[in-house]
Amino acid sequence: TAFACATRRTLLKGDHMAPKKKGGGSKETPEQLAARRAKAMAMFSTTSTVAPGKPAAKAPPAAKLPTPAAAVEPVEEKLASMGVREEVFTDGGEDVRKGAVAYAASTLGLVDGGLATALPTGTEWVKIMTLEPTPVLVKKAKKEGEPEAAQNGSKICHFKGAAYLFDERGSSAATWRTKLEGAAEGLGEQPLVRSIGKKKAALTGKDNLMWDAIAAHSGATLSLLPTGHVTVLGGEEATASARRLIDDLVDGDGDGARETLAARLVVAEPWGGVLELPCPDEWVGAIIGKGGAGIKQIASESGAVIDYVEPEEAAAAAKEAAPAQRVR
């Protein structure tokens, strides 16, 4: 309601939410900012204002915010060591408290969510946080970064908390974070990555038929890195499906994957033949076009050979092709 909105605006204007005025004290620290945001979340998730004389409406269940994989209690201890007081997270019940802790931890980069900082060397799948750097940053990383030789003639340049991967031609192939502290969740995509070794041909197939079939069947987004790694990005079900197929092709004999994708691996033979389509007299000129331009354009775009047959010629051809009739 308008009254509730006004109340919330009043809360935001309170002393506990007001930023420091210019020249009026020390600058707010990241820890204080995280605590303030978490407290605001707790208030808005649980506070409701009821007009006088009206019964209070049943409050909807508090929205559950995603909690990182790490346990809440160790994160709270880290926050406490940084000066974030426990009472910030006590309002609004357990669900709101956990959500506020997760939000603050993510803001301060205390939770890495199981992210890896290097490409795997074995058959395991790991998750990395990718970045989309500007061309200027890529150029600086290539020039000033600490180089590291990688597979297949590629190179990894470490620069300002990130790894920049370049293929053998020196083109940028991928970038991911190597410093996770201070990296809030949601700032970059987090694909799953594994090494495929020398199994690229088995994974892609002839004319990329197997690769396209895996992507279409699973719904995941796939990409190949010049280091001999494959990345999978998508929802939980999509990535799980793609991983099963890839693992079978890379680590096993691939029979299970080929059986699953059998319908998508069939290559239809191209059709060839002659089709005769009747054309009403009033449309003949429009289709042929001036000087035959229309029919030439259709032939160019379709790749077919198109001829226009006059009705008289068509009738004569049909008569010649018809079997001879006996005369009694």
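Which residue forms a salt bridge with R194, and how far apart are the closest N and O atoms? The partner is D247, and the gap between the closest N and O atoms comes to 2.7 Å. A salt bridge here is a side-chain nitrogen of Lys or Arg within 4 Å of a carboxyl oxygen of Asp or Glu. The pair ties together distant parts of the chain, with D247 in helix 8 (residues 236-251) and R194 in strand 6, 53 residues apart.

Before going further, a word on the model: it is a predicted one, so local features need pLDDT of at least 70 and side-chain atom pairs count only at pLDDT 80 or more, while totals for chains, interfaces and linings use all residues. Residues are numbered from 1 along each chain as its sequence is written, and side-chain values use heavy atoms, with hydrogens and water left out.

As for the overall picture, the protein has 12 helices and 8 strands. Helices (H or I, at least four residues) and strands (E, at least two) are DSSP runs, numbered from the N terminus. Of the 328 residues in the protein, 29% are buried. Buried stands for under 20% relative accessible area and exposed for over 50%, with partly exposed in between (1.4 Å probe, protein chains only). The protein exposes about 22100 Å², and carbon and sulfur atoms supply 54% of that area; accessible areas come from the Shrake-Rupley method with a 1.4 Å probe, and for residues only the protein chains shown count as cover. Taking contacts between residues at least 6 apart in sequence, 59% join residues at least 24 apart, where contact means heavy atoms within 4.5 Å.

Back to R194, which is found in strand 6 (residues 192-195). With a relative accessible area of just 1%, R194 is buried. D247, on the other side of the salt bridge, counts as partly exposed at 25% relative accessibility. There is a third member too: R194, D247 and D251 are linked in a network of salt bridges. The side chains of R194 and D251 also make a polar contact at 2.9 Å. Such a contact is a pair of N or O atoms within 3.5 Å; within protein, one must be able to donate a hydrogen and the other to accept it, and residues adjacent in sequence count only if both atoms are side-chain atoms. Setting aside neighbours within four places in sequence, R194 touches a string of other residues, among them P120, W125, H229, I246 and V250.

The whole structure holds 4 salt bridges. Side chains of opposite charge can pair when their charged atoms come close. R169 and D167 form one such bridge, with the closest N and O atoms 3.3 Å apart. R169 counts as exposed at 67% relative accessibility, whereas D167 counts as buried at 14%. Another joins D255 to R258, at 3.0 Å between the closest N and O atoms. Both residues sit in helix 9 (residues 255-260), 3 residues apart, or about one turn of the helix. D255 is partly exposed, with a relative accessible area of 44%, and R258 is likewise partly exposed, at 37%.

Two hairpins come next. Strand 2 (residues 146-149) pairs with strand 3 (residues 155-159) in the antiparallel sense over 4 bridges; two strands pair if DSSP finds at least two bridges between them. A149 stands opposite K155 in strand 3. This hairpin has 5 residues between the strands, and N152 takes a positive phi near 60°. Strand 4 (residues 162-166) and strand 5 (residues 172-177) also run antiparallel, joined by 5 bridges, with A163 opposite W176 in strand 5. There are 5 residues between strand 4 and strand 5 in their hairpin, and G170 in the turn has a positive phi of about 90°.

Beyond strand 5, E181 lies in the loop that leads to strand 6. E181 counts as exposed, at 63% relative accessibility. E181 and G161 are 20 residues apart in sequence, with their C-alpha atoms 9.5 Å apart in space.

Finally, the surface carries a nonpolar patch formed by W283, I287, I298 and I306, with about 360 Å² of accessible area together. Patches are made of residues with over 30% relative accessible area and no salt bridge; like charges are joined within 9 Å, nonpolar side chains (Val, Leu, Ile, Met, Phe, Trp, Tyr) within 5 Å. I306 lies in the loop between helix 11 (293-302) and helix 12 (311-321), and I306 is partly exposed at 32% relative accessible area.
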